[in-house]
Amino acid sequence: MLCALIPPMIGNAIIIISSSQFLSTIGYYFYFLGMNVVMAALIHFTGQYCGIERDKRFYRIPGIILLAADTIQLLCNIMWGHAFSTVALEAGGYTYFGLVPLAGQSFHRIVDYGLLTVSIIIFFLKAFNSPKINAERYYVILFTMLVITAWESFYIFSRTPIDRSMIGFGVFGLLVYFFSLKYRPLRLLDSMLSNIASGLPEALYFYDAFDQCIWANQSGINLVKIENEDYEVATTRLRKMFGEFRSGESKQHEIQIDGEIKTFVVEKHNVVDEKGRITGSFLSVRDNTSEQMTLREEVYKATHDPLTGAYNRAGYNILMEKAELWKTIMLLIDGDCFKSVNDTYGHEVGDKVLQRIANTIKQSFRAEDHVCRYGGDEFVVMMTHSDSDQKNLIIDRIKKINTILSTPEEGVPPVTISAGIAHGRNARYAEELFEHADQALYETKNNGKNGFTFYEDLVEEKKAES
């Protein structure tokens, strides 16, 4: 399209600057034949730019045939002189050879005007049927073609001696170049981005360089209850909900909304220009409550025993890694004669016995104490923030557990437990604390079960014996 504009513009330039009839005539041939090239390129450009499907470009073949016929008849003007001739004119003190149109020139104008009109109609329909934000690129080229048509028509009917209509074609070429190759529809881009942002599930807030909220998507409006596009209230309400937030930070917050605890991930990012200057920022608030619930469920399943609800071996290992040994008391508890329960009543009843043991232990200790099913009928209780002064309390609790378990329950036979107790201040590492509790449990088993032993008492006895 751009290259096609070169021949007629050269021809127009020759016509204007030439004082020779021969050169001016050559200029007219360049001009008219070049305009046919322009029209051929225009109908191709119109189909491509307006996105017309190949099988619907029905106007192209008739247009090319008419342009080919017009080109032939214009060239025949050299022999027959039927299309145009030139006549010397005076304009501004200079000799100028103006156009004398004949029958062939009328045919040429009908063909070119007809094809230009078809392109104008196509651009008009495309602009009219396109979304408003996307129609501007079609309207600009449509408007330019209308101006060029009016400009050329004015020259023809006013019989102005010097034809400067190609100035308009030059402008048209620049606009085609810009809108076809260089144009970035910023308003369209803004609209598309805002539509995308509005549909995102996370709440988005955009701030100017002065940290004033200037826009929020629908999720953001709903979260902080913005009314009448009063976005300025967002900053105060967000800070009240999540506290201060800095650029580049990502924090997780649990807050209560309408009586429900929800989890949000809050992230803030600065927006900089090409020189690195901060032009604004945006804040995203993502509700990941369901993700956290799923994660907690998965963690729970991975760290808890499905039968008793107590921590399993994996949960025990995690707890021991975080435990502060110097203020932790460990109780290693074992069901007495549990194998005989399974052999006598079956595994289904055995499972109920294990559940009863676990529930009774849980109810006998504090919420911050951790109950773990270490394996089989063996349980571990980790009493956190404890000291040796709790010895009598532990004794009472073990006796209470045995009293409860030794009383039969519907469908569950009576059992008792044995316990070994050790304090973490006497252990250098978690495994050693478990070994101390295990030694104490072994001593309880040797002494007839249904009881308890403190590791510290064993140490004192050994010292006394030695």
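Tyr 28 and Phe 32 both belong to helix α2, which covers residues 21–49, and they sit four residues apart, about one turn of the helix. In this predicted model, the two rings form a stacked aromatic pair, with 5.8 Å from centre to centre and 25° between their planes. Are these two residues buried or exposed? Tyr 28 has 2% relative accessibility and Phe 32 has 3%, and because buried means under 20%, both count as buried. The two residues also belong to one aromatic cluster, which is made up of Tyr 28, Tyr 29, Tyr 31, Phe 32 and Phe 84. For the structure as a whole, the count of aromatic pairs comes to 18.

Further along the chain, the reader can look for an open sheet of five strands, whose order is β4-β3-β7-β6-β5 and whose pairing is antiparallel. Its edge strands are β4, at residues 213–216, and β5, at residues 250–257, each of which pairs on one side only. From one strand to the next, the twist of this sheet averages 25°. At one end of the order, strand β3 (residues 203–208) pairs with β4 in the antiparallel sense over three bridges, and Tyr 207 has Cys 213 in β4 as its bridge partner. Helix α11, formed by residues 289–303, lies across β5, β6 (260–272) and β7 (278–287), and it runs at about 120° to β6.

There is also an open sheet of five strands with the order β9-β10-β8-β11-β12, and here the pairing is mixed. Which strands form its edges? They are β9 (370–375) and β12 (452–454), and each of them pairs on one side only. The twist in this sheet averages 20° from one strand to the next. Strand β11, at residues 417–423, pairs with β12 in the parallel sense over three bridges, and Ala 419 stands opposite Phe 452 in β12.

Two helices can be followed across this sheet with mixed pairing. Helix α12, at residues 313–322, lies across β8 (328–335), β9 and β10 (378–384), and its direction is at about 130° to β9. Helix α16, at residues 430–446, lies across β8, β9, β10, β11 and β12, running at about 145° to β11. His 436 is part of helix α16, and because its relative accessibility is 6%, it counts as buried. Leaving aside residues up to four places away in sequence, His 436 touches Ala 422, Asn 426, Ala 427 and Tyr 455. The C-alpha atom of His 436 is separated by 91 Å from that of Met 1, which lies 435 residues away along the chain.

The last feature to trace is a pair of helices. Two packed helices are described by the angle between their axes and the distance between the axes. Helix α14 (residues 347–364) and helix α15 (residues 391–405) pack at an angle of about 145°, and their axes are 10 Å apart. The crossing in which α14 passes α15 is right-handed. Which residues meet in this contact? From α14 come Arg 356, Ile 357, Thr 360, Ile 361 and Ser 364, while α15 brings Arg 397, Ile 401, Ile 404 and Leu 405. Sorted by character, the residues of this contact between α14 and α15 divide into five nonpolar, two polar and two charged.

Definitions and conventions. Residues are numbered from 1 along each chain as its sequence is written. This is a predicted model: local features need pLDDT of at least 70, side-chain atom pairs count only at pLDDT 80 or more; totals for chains, interfaces and linings use all residues. Side-chain values use heavy atoms; hydrogens and water are left out. Axes are lines fitted to C-alpha atoms, for helices over the stretch in contact, and angles run from 0 to 180 degrees between N-to-C directions. A crossing is left-handed if the near helix is turned anticlockwise from the far one by less than a right angle, and right-handed if clockwise. Contact means heavy atoms within 4.5 Å. Ala, Val, Leu, Ile, Met, Phe, Trp, Tyr, Cys and Pro count as nonpolar, Asp, Glu, Lys and Arg as charged, and the others, Gly among them, as polar. Two strands pair if DSSP finds at least two bridges between them. Rings of Phe, Tyr and Trp (its six-membered ring) pair if their centres lie within 6.5 Å; planes under 30 degrees apart count as stacked, over 60 as edge-to-face and the rest as tilted. Buried means under 20% relative accessible area, exposed over 50%, partly exposed in between (1.4 Å probe, protein chains only).
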